[in-house]
Amino acid sequence: MNEKTFSYGILRALGIIAALFLLLYFLYQIQSVLVYIAIAGVISLIGRPFVIFLRSRFRIPNQMAVIIVLLLVLIVFVGIILVFVPILIEQSQYLGRIDVEAFKTDINELNNQINTYLGVEDINILESLKQSEFIQGLDVNLIPKFLNSVFGILGATLIAIFSIMFISFFLLKDSKLMLNSILVFANRGEEDKFQRVFNKIKILLSRYFVGLTMQITVLFILYLLLLTIFEINNPIAIAFICAFLNLVPYLGPIFAGILMALFVISSQLGADFQMVILPKLIYIMLGYGISQLIDNLISQPLIFGASVRSHPLEIFLIILIAGLLFGVLGMVVAVPFYTALKVIAKESLSEYKIVKRLTRDL
């Protein structure tokens, strides 16, 4: 190898590295657009079966079916906003009218009742809160700033919804749009393999996301009934938040249960702990546990078994590894990402025994 060839190789490697860094920097700068595209892709995977149903069953033209499906999605988004915005406004107004002395009395009374019921030494909740770093660093002026940031987030949310709906329309309208975009990366003569892989991934992920939507909906209804029966304030918002947290496998239900318990206790401040708060908390947590059993024994096996064609232990290990490597976001995207990898591996590495074993049900 002469000096000229060696120098050319170094320059070429440096050029590739520089181009890679520029690409990563560009992707970082447009990360919000990538998120919009990813969400629109999920919506298209969920909405595609409904578009096909409307076309085949009611003979509705493709474009009109797409518009109907997107209108339903938009109604869900708007419904969520209409549920949460009044609650935020109501809570901010409540914070402005709160009687601090009465609140202290309620906290102290609850503290005394808990200590008496548990038979422990006096634990002063107010003093513990005062000594915490959070309370010591709390600035009352942050509340107006927080409200302004909330309204700013709402404005950005409207822009995001419009962008997502716009992208989703074209992805649903032209089912081959995403495929044609991916085929540009295929080598000449390998287009058929790319198309097989893409179609298989699309079918599996579509089933997965539809099943996941049904799972969240079932949990939302169960939580809503539970909270409504026991007359907890804002049951729709609480049920939605707790159901939505189940998108995070394993950890989500734990945090949702803790959050629901906190909402129950906070809504009963001033009531007798032993006679009112504790019994209601036990019944609601029991109902929450039954809802989780229904989800774990019925909903999740149907989703993971019928959609992604993976063993529950396999799914658990993948979610655990993704959580350790990438945190909560990794746990959320672990199953669809792993499913796509399995389909790709089956098409490209089917000669290996481990690949045959893992992809035998695909």
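Let me start with a contact between two helices, in which Ile216, Leu219, Phe220, Tyr223, Leu224, Leu227 and Thr228 of α9 meet Pro235, Ile236, Ile238, Ala239, Phe240, Cys242, Ala243 and Phe244 of α10. Sorted by class, the residues of this contact of α9 with α10 come out as 14 nonpolar, one polar and no charged. I should say at once that what we are looking at is a predicted model.

As for the geometry, two packed helices are described by the angle between their axes and the distance between the axes. The axis of α9 and that of helix α10, which covers residues 235-244, come within 8 Å and cross at roughly 140°. That angle falls short of the cut-off for roughly antiparallel, which is over 145 degrees, and α9 and α10 are therefore oblique to each other. The crossing in which α9 passes α10 is right-handed.

Between these two helices, in the loop that joins α9 and α10, we find Asn234, which has a positive phi of about 55° although it is not a glycine. That deserves a remark, because most residues other than glycine have a negative phi. Asn234 is partly exposed, its relative accessible area being 25%.

Helix α9, residues 191-229, has a further partner in helix α2, residues 31-58, and here the axes come within 8 Å and cross at roughly 85°. With that angle, α2 is roughly perpendicular to α9. On the α2 side the contact is made by Val42, Leu45, Ile46 and Pro49, and these meet Lys202, Leu205, Ser206, Phe209, Val210 and Thr213 in α9. By class, this contact of α2 with α9 has seven nonpolar, two polar and one charged residues.

Moving on from α2 along the chain, we come to Arg59, which lies in the loop between α2 and α3, the latter being residues 62-97. Arg59, too, is not a glycine and has a positive phi of about 55°. Is Arg59 buried or exposed? Its relative accessibility is 69%, so Arg59 counts as exposed.

Let me finish with charge pairing, since side chains of opposite charge can pair when their charged atoms come close. How many salt bridges does a search of the whole structure find? The search finds one, and in this salt bridge the side chains of Glu314 and Lys342 meet at 3.4 Å, taken from N to O. As to where these partners sit, Glu314 is buried, and Lys342 is buried as well.

Note on methods. Residues are numbered from 1 along each chain as its sequence is written. This is a predicted model: local features need pLDDT of at least 70, side-chain atom pairs count only at pLDDT 80 or more; totals for chains, interfaces and linings use all residues. Side-chain values use heavy atoms; hydrogens and water are left out. Axes are lines fitted to C-alpha atoms, for helices over the stretch in contact, and angles run from 0 to 180 degrees between N-to-C directions. Helices (H or I, at least four residues) and strands (E, at least two) are DSSP runs, numbered from the N terminus. Angles under 35 degrees count as roughly parallel, over 145 as roughly antiparallel, 65 to 115 as roughly perpendicular and the rest as oblique. Contact means heavy atoms within 4.5 Å. Ala, Val, Leu, Ile, Met, Phe, Trp, Tyr, Cys and Pro count as nonpolar, Asp, Glu, Lys and Arg as charged, and the others, Gly among them, as polar. A crossing is left-handed if the near helix is turned anticlockwise from the far one by less than a right angle, and right-handed if clockwise. Buried means under 20% relative accessible area, exposed over 50%, partly exposed in between (1.4 Å probe, protein chains only). A salt bridge is a side-chain nitrogen of Lys or Arg within 4 Å of a carboxyl oxygen of Asp or Glu.
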